[in-house]
Every structure is written in C-alpha cells, then in structure tokens.
Amino acid sequence: MEFNLDKFFDDYLEKPQIFRNRNCLSANFIPDELPHRTDQIRIIAQIMACTLKNSIPSNLFIYGKTGTGKTAVVKHVSQKLNEKCIEIGIPNPNWLYINCNQVTSGYRVLATICNYLDPENPLPPTGTPRDIMIERLITLLESKNCLCFIILDEIDSLKDKESKDSVLYILTRINENLINSKVNIIGISNILNFKDDLDPRVLSSLCEEEMVFPAYNAIELYDILRSRAALAFQPNMCEEGSLRLCAAIAAKENGDARRALSLLRKCAEIVERMGKTMLSRTDVLTAQYELEKDTTEEFIKNLPVQQKIILLSIYLNQKHKKTPESNSGEIYTTYKELSKKVYSLNALTAKRVADLVKELDLSGVISSRLVSFGRKGGRTRMVSLKVRDSQLKSSLGDDDRCKAVLEYVPSHIRRTDINVDLEGHRYKALL
DNA sequence: TATCCACAGGAAATCAGGGTGT
DNA sequence: ACACCCTGATTTCCTGTGGATA
C-alpha cells in the first residue's frame with residue numbers, strides 16, 4: 001500500500017500529545033529554576049553585585065565536569081543582573097559569551113571579541129597581525145564606554161598552551177590600557193587542573209575568585225529531571241520510577257545533567273512514536289540503548305578517513321589474529337598496508353597514528369592500556385575494540401572503500417599463518 | 001644490575017592552505 | 001607579484017620508560 005502523507009499527518013495530530021514544550025529538554029535551554037545550585041548562584045551573585053554600584057567585580061574562574069550547570073548558572077545570573085541594571089537605570093554591562101570549543105585559537109577569540117564590538121567591520125578569519133588586533137580591541141572597548149564581561153566557556157579546549165597563555169594574558173592585562181571601559185573575565189573549564197599549565201603571570205590576575213561545581217548525584221538529577229519534565233510534558237506522563245531510572249543512569253555516568261536530559265528526551269520520542277501515553281522504565285532502557293548506538297554509529301561514520309583505516313586495522317588484526325588485543329606495531333603495519341594498497345593514500349607516520357589511536361581511545365570506540373613485555377617485547381600499547389563487531393561493520397560499511405576490505409587479511413598475519421602451517425607440515429613429515 | 005626492546009610522548013619544525021596589504 | 005600573517009595537520013627529533021633478560 002502506498003504511504004499516505006495526509007493520513008499520516010492526521011494520525012499524528014490524533015495521537016496523544018506527550019510534549020508541551022519540547023525545547024525545555026534541549027541542552028541550551030536555561031530554566032528559571034536551577035535546582036541544587038543555590039549556593040553557586042549566591043556566590044556568583046555576590047561577586048557580580050558590585051556592578052550595580054558601578055565598580056568592577058573580580059575575575060572569576062569556574063571548574064566542573066560537563067553537565068554540572070556551570071554555563072547555565074552564569075547565564076542565569078547574568079540575565080538577572082542585566083534586568084536589575086535596567087530596573088535601577090544604570091547602563092547594563094555587555095556580556096560576551098565565547099565557547100572555546102568552537103573558537104579554538106587565541107587569535108580567533110580576540111577576533112570574535114572585536115567583531116562583537118564592531119559587527120560592521122568584521123576582521124578577516126586569518127591574517128591580521130596580533131599587535132594590530134590588540135590595538136583595535138583597545139580602541140573599540142574604549143569607544144563603548146562600558147563594563148564588558150567576557151565569558152570564556154570550555155576554556156580548556158583552546159588549542160595549545162601558547163593560545164591559552166597569550167589570549168588570557170592579553171585579556172587580563174587589557175584593563176591597564178583602558179580608561180573609560182573595563183573588561184572582566186569569567187573562565188569556565190571542564191578540567192579541574194586546568195590552572196596547572198598556565199603561565200604564572202596569567203594565573204595571578206585571572207583566578208581572583210574560584211569556584212568548583214560538584215557533579216550531581218542521583219537524587220539531585222532526579223529533582224532536575226522532575227522540574228524539567230513538568231515544563232516539557234503534559235501532566236502525569238511519567239510512570240513512577242522512570243525518572244528515577246534516568247537519573248540513576250546519568251549519575252552513574254559522571255553525574256552529567258545534560259546526559260540525563262537527552263536520555264529523557266530520547267525516551268519521550270520513543271514513547272511518542274509508539275503512540276503511548278506513559279513513559280515507563282522499559283522505555284528508559286530502550287532509550288539508553290538507542291542513544292548509545294546512535295552516537296557511536298554516527299561517530300564512526302563521521303570519522304576522517306585516516307581514523308577509519310586505523311579502526312579498520314584494529315578490527316582486522318583482532319579478527320584474523322583471533323586475539324582481542326593488538327599492539328601499536330601490529331596496528332601500524334596493518335594500517336600502512338591498507339592505506340597504501342587499498343586506499344592509495346600516503347601513510348601517516350607512526351607517531352601520528354599513535355596520536356590518532358589515543359584520540360579513538362578518548363572517544364570510547366576502543367580501549368587501550370600501556371604494557372611492558374621487558375627485553376623481549378618492549379613497551380607498547382595494547383588496543384582492543386569497545387564496540388561490537390556487527391556495529392562496527394555496519395558503521396564502516398557505509399563507506400564503500402571500507403566495505404570492500406572488511407574481509408581483507410593483512411599480509412603480516414597471512415605470513416605467520418603460512419609459517420605455522422609450514423612448521424606443522426614439517427613436523428608431520430618428520431613423524 | 002646493567003642492558004635493551006619497542007615503543008610512549010613532548011617539543012619544535014615544516015608544510016599546505018587560507019588570508020591581507022602594497 | 002610579493003612579503004607577511006595565522007591555522008591546523010603532520011613530521012622530525014628527541015628523551016623517557018617498565019620490566020624481562022643476559
């Protein structure tokens with residue numbers, strides 16, 4: 001039977017509604033209430049409050065793992081502060097939010113600030129000498145005649161040490177060149193020991209105030225989910241225990257509220273698709289499975305070609321050696337063969353491949369451990385796959401070139417097979 | 001106990017590719 | 001056309017290392 005789009009939409013409208021406001025479960029939604037963050041809100045408010053009396057607050061540095069509410073709290077306080085400024089009739093400060101995960105170099109951070117202050121004349125994406133840009137930045141800030149808060153989120157993602165040091169040094173010292181305007185830095189880092197590799201000169205001025213956001217526990221996550229569910233869903237849509245299960249799963253995985261919320265959203269989407277009216281514990285488990293599957297498959301599919309070849313090498317080694325682990329040397333040998341013979345690409349160096357293997361490890365597709373076999377085998381990294389064979393095959397199979405070599409036997413493994421065979425043969429002959 | 005394997009992993013250099021200004 | 005600037009990926013060079021073995 002043919003698919004009837006009209007009927008599909010009619011049915012869709014007939015179906016019981018789950019969502020009242022789907023948006024409330026998205027990662028960048030900032031709710032009015034932030035459960036279990038009252039202390040953090042109070043402390044930040046205390047630091048910022050002097051803005052209301054025209055003084056400049058201290059620079060602030062915030063640490064905490066992903067999904068602990070750092071960004072939400074800062075944005076929440078800044079909104080309220082702006083409202084208050086308008087209420088009492090003083091010029092409200094400029095808030096400039098930069099996510100260093102997207103703006104990854106020191107140059108780009110400075111350029112983004114300039115472009116924010118003067119969107120009419122954007123700076124070129126590259127090419128401007130640093131001193132000219134700093135001069136421009138100072139002139140622009142001075143002409144604005146205001147207090148400017150610069151929030152550097154995920155500051156640990158700035159590319160290299162030089163970027164971190166230079167951009168932070170410039171920004172923390174820029175006030176010395178300003179008369180009418182002032183700049184205030186709020187740094188947000190996912191890594192707790194981010195400070196460790198900063199230049200001491202930057203450190204003293206940047207970290208005037210510091211605070212740490214602890215991870216949420218299961219009970220706190222439950223409260224967060226409950227308050228968001230109340231906003232996002234129609235009343236009485238969640239079976240008792242389903243939210244608790246969501247919270248428990250997310251608590252186990254680092255207490256990440258973002259993760260808990262996306263789990264809940266996925267769950268609701270599944271229930272909606274099935275035309276049900278209740279979120280059950282089973283749906284949560286299905287959602288968790290699908291979420292995990294979706295993200296790894298999507299991740300593998302979007303891998304650059306060199307990383308795909310490396311992953312493929314690990315898979316082929318594991319498959320044909322019939323051992324779950326292979327070492328760096330074996331992986332590199334297979335990799336070289338695949339990239340030359342099969343892909344006709346220039347092979348990367350062993351160092352680069354080792355770095356890419358570590359990246360794959362960080363992303364969770366493979367797991368690896370350092371081992372030493374002493375004088376016989378030296379020190380090496382043992383690598384094994386963390387995704388199921390079938391999943392890997394279906395994700396890599398999307399790429400035609402990968403698909404073609406899924407059954408390929410690397411020649412160094414083939415050779416040892418022959419050797420074993422010959423040995424066995426000779427042994428038989430001797431008998 | 002010194003040696004040595006097979007790398008690990010950091011730092012600096014290099015290169016290609018994008019840009020500007022003259 | 002040319003000098004110069006910035007980025008990001010990669011290479012080159014180097015020192016470091018855990019532990020079985022001579």
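**Close-up views of the protein–DNA surface and a helix pair**

**View 1. A backbone N or O atom of Gly-377 lies 3.2 Å from a sugar or linking oxygen of DNA strand B.** Polar contacts are pairs of N or O atoms within 3.5 Å; within protein, one atom must be able to donate a hydrogen and the other to accept it, and residues adjacent in sequence count only if both atoms are side-chain atoms. The model is predicted: local features need pLDDT of at least 70 and side-chain atom pairs pLDDT 80 or more, whereas totals for chains, interfaces and linings use all residues. Residues are numbered from 1 along each chain as its sequence is written, chains are lettered from A and ligands numbered from 1 in written order, and side-chain values use heavy atoms, without hydrogens or water.

**View 2. Two lysine side chains approach DNA strand B.** A polar side-chain atom of Lys-351 is 3.0 Å from a base nitrogen, while an N or O atom in the side chain of Lys-358 is 3.4 Å from a phosphate oxygen.

**View 3. DNA strand B is surrounded by 16 residues** (a heavy atom within 4 Å). Sugar and phosphate make up 68% of the strand's atoms within 4 Å of the protein. Helix 15 (374-377) supplies the largest share of this surface, four residues (helices are DSSP runs of H or I, at least four residues, numbered from the N terminus).

**View 4. Helix 4 (residues 106-117) and helix 5 (residues 130-144) pack at about 35 degrees, with axes 10 Å apart** (axes are lines fitted to C-alpha atoms over the stretch in contact; angles run from 0 to 180 degrees between N-to-C directions). Participants in the contact (heavy atoms within 4.5 Å) include Leu-110 of helix 4 and Leu-137 of helix 5.

Technical notes
Helix = DSSP H or I, 4+ residues; strand = E, 2+ residues; numbered from the N terminus.
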